[in-house]
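Please look over the model below, with attention to backbone geometry, strand pairing and nonpolar packing.

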Amino acid sequence: MTDTSKDGAATVSDSAREYLTFTLGEEEYGIDILKVQEIRGYDAVTKIANAPPFIKGVINMRGVIVPIIDMRLKFNLGQVEYNQFTVVIILNIATRVVGMVVDGVSDVIALANDKISPAPEFGAILDTDYIDGLATLDERMIIMVDIEKLMTSGEMGLVDQAQSAAA
């Protein structure tokens with residue numbers, strides 16, 4: 001049985017999952033906490049020639065070369081201003097380590113599956129394949145992102161297609 005608080009967040013449940021929430025501009029997003037390896041401040045990256053604009057470059061993290069994706073640019077949310085709140089969420093995705101730059105990390109929330117509404121259909125206008133749904137907590141609307149599906153998509157080119165098919 002799921003115990004839920006008045007805001008709809010699951011407090012104790014076998015069916016609840018934990019999500020890390022982060023902000024990009026005015027919007028709040030949630031990703032599966034199990035995909036997160038660590039959270040770090042934004043540091044300079046080594047740029048890679050001919051990379052798409054949303055791939056900022058790479059960093060060397062304890063001997064592992066990690067591509068860094070700027071999620072504001074990926075989601076077409078306008079120009080990015082890096083400040084003291086800008087962070088990089090390091091993810092483990094389909095045998096790869098990938099970093100994503102976000103404006104800030106909010107918190108960790110537990111949500112029961114029935115608290116996540118399906119994403120609206122936008123047809124061919126907008127690709128919503130990587131959106132798991134929308135969750136509402138108090139007055140907050142959180143866009144739930146299937147970060148593995150997003151990061152392994154062909155356009156990202158971060159994970160070999162053979163690896164993503166096997167995952």
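## Terms and two loop residues

A residue is called buried when its relative accessible area is under 20%, exposed when that area is over 50%, and partly exposed in between. The model discussed here is a predicted one.

With a relative accessible area of 46%, aspartate 138 is therefore partly exposed. This aspartate 138 lies in the loop that links strand S12 (131-137) to strand S13 (140-145), and its phi is positive, at about 50°, although the residue is not a glycine.

Alanine 94 also has a positive phi, here of about 45°, again without being a glycine. The loop that holds alanine 94 runs between strand S8 (87-93) and strand S9 (96-102). Because its relative accessibility is 12%, alanine 94 counts as buried, the cut-off for that class being under 20% relative accessible area.

## The five-stranded sheet

Five strands form an open sheet with mixed pairing, in the order S5-S8-S9-S7-S6. Strand S5 (36-41) and strand S6 (55-61) occupy the edges, and each has a single partner strand, so one side of each is left without a neighbour in the sheet. From one strand to the next, the twist averages 30°.

At the S5 edge, the pairing with S8 is antiparallel and is made through five bridges. Within this pairing, valine 36 has leucine 91 of S8 as its bridge partner.

## Nonpolar cores

The largest nonpolar core comprises 25 residues, and those with the most contacts inside it are Ile31, Met71, Ile89, Leu91, Met100, Ile147 and Met151. Two or more residues of this core come from each of strand S3 (16-24), strand S4 (27-32), S8, S9, S13 and helix H2 (147-151). The greatest contribution to this core is that of S8, which supplies four residues. Another core, of nine residues, lies apart from the largest one, and its members include Met61, Val66, Ile68 and Ile90.

Which residues is isoleucine 89 in contact with, once its neighbours within four places in sequence are left aside? The contacts of isoleucine 89 are Leu20, Phe22, Ile31, Val36, Glu38, Val98, Gly99, Met100, Val102 and Val105. Among these contacts is Val36, the residue whose bridge partner in S8 is leucine 91, and leucine 91 is itself listed, together with Ile89, among the residues with the most contacts inside the largest core.

Note on methods. Residues numbered from 1 in each chain as written. Predicted model: local features only at pLDDT ≥ 70, side-chain atom pairs only at ≥ 80, totals over all residues. Heavy atoms only, no water. Buried < 20%, exposed > 50% of the residue type's maximum accessible area, 1.4 Å probe, protein only. Pairing = 2+ DSSP bridges. Axes fitted to C-alpha atoms, helices over the stretch in contact; angles between N-to-C directions. Core = buried A, V, L, I, M, F, W, Y, C linked by side-chain atoms within 4.5 Å. Contact = heavy atoms within 4.5 Å.
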